[in-house]
Amino acid sequence: MAILTLGIDLAKNVFAVHGVDEAGKPALVRPEVRRNKLVEVIASLPPCVIGMEACSGAHHWAREFEKFGHTVRLMAPKFVAPYRMAGKRGKNDANDAAAICEAVTRPQMRFVPIKSIDQQAELFVHRARQGFVQERTAVINRIRGLLSELGIVLPLQPTTVRREAHKVLEDLPGWCNIVIGDLLSELTRLDGRIAEYDTHVRHMAQHDDKARRLMQLAGIGATTASAIVASVGNGLEFKSSSQFSAWLGLTPGQHSSGGKARLGRITKAGDSYLRSLLILGARTVLNVAASKSDPVSRWAIKVQERRGYWRAVVAIASKNARMCWAALRMGEAFKVPA
């Protein structure tokens with residue numbers, strides 16, 4: 001019988017493949033397939049549904065397999081875990097492939113959008129920029145920590161750390177002067193790198209129709225718009241705006257039982273980078289809402305008065321996420337709220 005569904009456990013060099021036929025019985029079980037043989041194995045199969053976990057290299061392999069007419073579905077690893085049947089068969093590469101093959105057939109399974117090479121290229125820029133930002137934060141903290149050993153305590157603000165560290169640099173003895181001087185030089189280099197990548201991000205956003213549409217929304221800048229478009233494309237994998245917001249972890253977790261609904265803190269699931277960008281944009285919206293009279297600003301002020309500052313920030317971020325999804329799905333038909 002022809003193989004209908006195929007599960008592949010991805011790895012760096014050795015992959016596991018598990019395929020089933022129309023009756024759901026194993027028809028292709030290959031626990032060890034070398035990397036240079038994987039494309040050959042997939043190309044020899046008739047078009048079928050291929051399931052993989054969304055991990056390193058998954059989008060590359062998805063694009064390669066689609067060239068042979070296969071339908072590729074990517075899933076978050078946490079959604080595959082329940083099908084591994086740990087305790088009955090144990091966990092190994094072959095069982096992981098079988099679990100993926102089972103999970104991809106579930107009607108309620110949620111899939112990860114397959115990114116194009118252009119989307120991944122844009123995310124390269126975002127990942128590199130975020131890495132430089134984290135390195136800069138580490139350098140600033142290192143300067144503060146070292147100077148505190150000498151009794152010089154600096155505040156958290158990066159601009160203040162730079163200014164005060166330069167003021168005391170000449171008064172530092174011997175090796176202390178050299179080390180702090182080198183760290184300040186590294187800080188200047190990282191500032192230049194981040195500024196350079198900020199320019200790259202603005203360029204990407206300005207030359208993308210979808211990103212420009214998102215930037216019309218309050219609290220959505222070039223970085224957020226570019227990151228959302230690069231991550232989800234047109235948002236076709238999400239059935240509703242609420243599902244997109246939940247995917248970003250901006251909806252409260254439920255702890256309901258016995259007919260009593262209990263909502264807790266936001267789940268913080270999904271992409272933490274996108275969520276943090278939306279939160280930062282929401283803070284900006286709320287901070288200037290008092291000086292504006294548009295419906296969104298008035299609503300934000302009411303939420304803050306009723307629920308507090310941070311709940312209002314999360315509510316604005318969730319609303320922005322839902323409007324971003326609507327803008328991606330509706331295209332030119334989307335109208336920015338007045």
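In the predicted model, Arg322 is a residue of helix α13, which covers residues 309–330. The side chain and backbone of this arginine are neither fully hidden nor fully open, since Arg322 has a relative accessible area of 28% and therefore counts as partly exposed. Apart from residues up to four places away in sequence, Arg322 touches Ser241, Ser242 and Ser245. Thr71, by comparison, is 251 residues from Arg322 in sequence, and the two C-alpha atoms are 28 Å apart in space.

The surroundings of Arg322 belong to a protein chain of 338 residues, of which 41% count as buried. The secondary structure of this chain comes to 13 helices and seven strands, and the C-alpha trace spans about 80 × 55 × 45 Å along its principal axes. When contacts between residues at least 6 apart in sequence are considered, 53% of them join residues at least 24 apart.

Helix α5, formed by residues 117–148, takes part in a packing arrangement with helix α7, formed by residues 174–206, in which the two axes come within 9 Å and cross at roughly 155°. Because angles over 145 degrees count as roughly antiparallel, α5 and α7 are assigned to that class. The contact of α5 with α7 comprises, by class, 19 nonpolar, two polar and ten charged residues. The crossing of these two helices, α5 and α7, is left-handed.

Helix α5 also packs against helix α9, which consists of residues 222–232, and here the axes are 8 Å apart and the angle is about 135°. This angle makes α5 oblique to α9, and the crossing of α5 and α9 is, like the arrangement described above, left-handed. On the α5 side the contact involves Gln119, Glu122, Leu123, His126 and Arg129, which meet Thr223, Ser226, Ala227, Val229, Ala230, Ser231 and Val232 on the α9 side. Divided by class, the residues of the contact of α5 with α9 are five nonpolar, five polar and two charged.

One of the α5 residues that meet α9 is Arg129, and this residue was examined individually. Arg129, found in helix α5, has a relative accessible area of 15%, and because buried means under 20%, Arg129 falls in the buried class. With residues up to four places away in sequence set aside, Arg129 touches Tyr197, Asp198, Val201, Thr223 and Tyr273. Of these partners, Thr223 is also listed among the α9 residues in the contact with α5, while Tyr197, Asp198 and Val201 carry numbers that fall within residues 174–206 of α7.

A further buried position is Ala62, which is found in helix α2, residues 58–66, and which has a relative accessible area of 0%. Leaving aside neighbours within four places in sequence, Ala62 is in contact with Met52, Val72, Leu74 and Ile114. Met52, one of these partners, is ten residues from Ala62 along the chain, and the C-alpha atoms of the two residues are separated by 8.4 Å.

The backbone at Lys268 was considered separately, as this residue has a positive phi of about 55° although it is not a glycine. Lys268 lies in the loop between strand β7, residues 263–266, and helix α11, residues 272–288. With a relative accessible area of 57%, Lys268 is classed as exposed.

The cysteines were examined for disulfides, for which the two sulfur atoms must be within 2.5 Å, and the count comes to zero. Cys55 is in no disulfide, as the nearest cysteine sulfur, that of Cys101, is 16 Å away. For Cys101 the closest cysteine sulfur is that of Cys48, at 9.0 Å, and this separation is too far for a bond. The two residues Cys55 and Cys101 fall into separate accessibility classes, with Cys55 partly exposed at a relative accessible area of 34%, whereas Cys101 counts as buried at 3% relative accessibility.

Technical notes. Residues numbered from 1 in each chain as written. Predicted model: local features only at pLDDT ≥ 70, side-chain atom pairs only at ≥ 80, totals over all residues. Heavy atoms only, no water. Buried < 20%, exposed > 50% of the residue type's maximum accessible area, 1.4 Å probe, protein only. Helix = DSSP H or I, 4+ residues; strand = E, 2+ residues; numbered from the N terminus. Contact = heavy atoms within 4.5 Å. Axes fitted to C-alpha atoms, helices over the stretch in contact; angles between N-to-C directions. Parallel < 35°, antiparallel > 145°, perpendicular 65-115°, else oblique. Left-handed = near helix turned anticlockwise from the far one by under 90°. Nonpolar A, V, L, I, M, F, W, Y, C, P; charged D, E, K, R; others polar.
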